[in-house]
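User: I should like to go through this protein model by question and answer. Please keep each reply short and reasoned.

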Amino acid sequence: MRNKYLKILGIQLKVDLDCDELNEYLIENDILYKQMSKVKELISKKNPDIIALPEMCYIKELEDYYLKVSKNKLIIAGSIYQNGINHTVVFNNKNKYLIRKYNASGAEPMIRYQENISTEDFIKYHLNEHIFEIKNKKILILNCMEYYSHAYTIARKFNDIFAIICICSNNNQKVFIEETKALHNHTENVYSFVINCISNYQKEEYAKGNTYIYGPIQYHEQDWLRKEGYDIDNHACSILKLSNNPEYFYGEFTNNFSRFGRSDYYLNNPKNIEIGNL
């Protein structure tokens, strides 16, 4: 039974960012390194299959660590600007991948130089470079506005995707949650993991956290999580939402389970959900 589940660790970092007319920058400071020390402890303790950090949170100094740890794992290590373009940084089986971001918001410097592409062109020309496979499950990795622009259509068109993992530095999670609700109103067997940061730009508050998960949760489990104090939206697919503090979530997830608490094939989903402070 256990191998039916993917163990996923999501990280909501508190970070300081800066930008100029071309690039955005992560400011690496003691506060960030203290959080990452806890993250490394969690990775060692939990041994997750997938680790996801928010947009703009790639730390080049940790590249050798990520390469080493990524054997049989998928690590979405944040993103970094290169030559004015945001790239998602992914490690898998000791390989590093830079995936160009194809859709941006008006708040991002690169929107002045890059035209957003249509969902049709994204699927035709770029979808495959965003898909990774782990334990025979397809994971689609999107960067912030890519999710907002394309996830709804992709989820309905491709029913073999296990999870969409979206990394964000987003100051309006409410809008993303509404898009996520629309997606999951129509597609019940895919997950959305939307990993946001808590950020300051030039000491001004910007992104406010509220990382969240939607997906095929067993309805008894949703009731138990509510009773245990987890923040869950009033939606059949809402699993959890983090606060506005540096936190992590961990859980074990499947999409091959019985929705009813009776049968020889019953699998509880999700399992071992945990939220903690960084």
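User: Which residues lie nearest the centre of the largest pocket?

Analyst: The structure is a predicted model. Its largest pocket has a volume of about 260 Å³, and α4 (145-157) and α5 (173-186) each supply at least two residues of the lining. Of the 20 lining residues, those nearest the centre are S105, A107, E108, S169 and Y206.

User: How do the residues of the lining of the largest pocket divide into nonpolar, polar and charged?

Analyst: The lining comprises 20 residues. They divide into four charged, five polar and 11 nonpolar.

User: Which are the edge strands of the open sheet β3-β2-β12-β13?

Analyst: The four strands of this open sheet show mixed pairing. Inside that order, β12 (residues 198-201) pairs with β13 in the antiparallel sense over three bridges, and I198 stands opposite K208 in β13. An edge strand pairs on one side only, as is the case for β3 (24-27) and β13 (204-208).

User: Where does P270, which a cis peptide bond joins to N269, lie?

Analyst: Most peptide bonds are trans. The bond between N269 and P270 is cis, with omega about -5°. P270 lies in the loop between β16 (247-253) and β17 (271-277).

User: Is K135 buried, partly exposed or exposed?

Analyst: K135 lies in the loop between β8 (131-134) and β9 (137-143), and has a positive phi of about 50° although it is not a glycine. Buried means under 20% relative accessible area and exposed over 50%. The value for K135 is 41%, so this residue is partly exposed.

Definitions and conventions
Residues numbered from 1 in each chain as written. Predicted model: local features only at pLDDT ≥ 70, side-chain atom pairs only at ≥ 80, totals over all residues. Heavy atoms only, no water. Pairing = 2+ DSSP bridges. 1 Å grid on protein atoms, 1.4 Å probe; cavity = no way out; pocket = protein on both sides within 12 Å on 5 of 7 lines; lining within 4 Å. Points joined across faces, edges and corners; volume = space filled by probe spheres on them. Nonpolar A, V, L, I, M, F, W, Y, C, P; charged D, E, K, R; others polar. Buried < 20%, exposed > 50% of the residue type's maximum accessible area, 1.4 Å probe, protein only.
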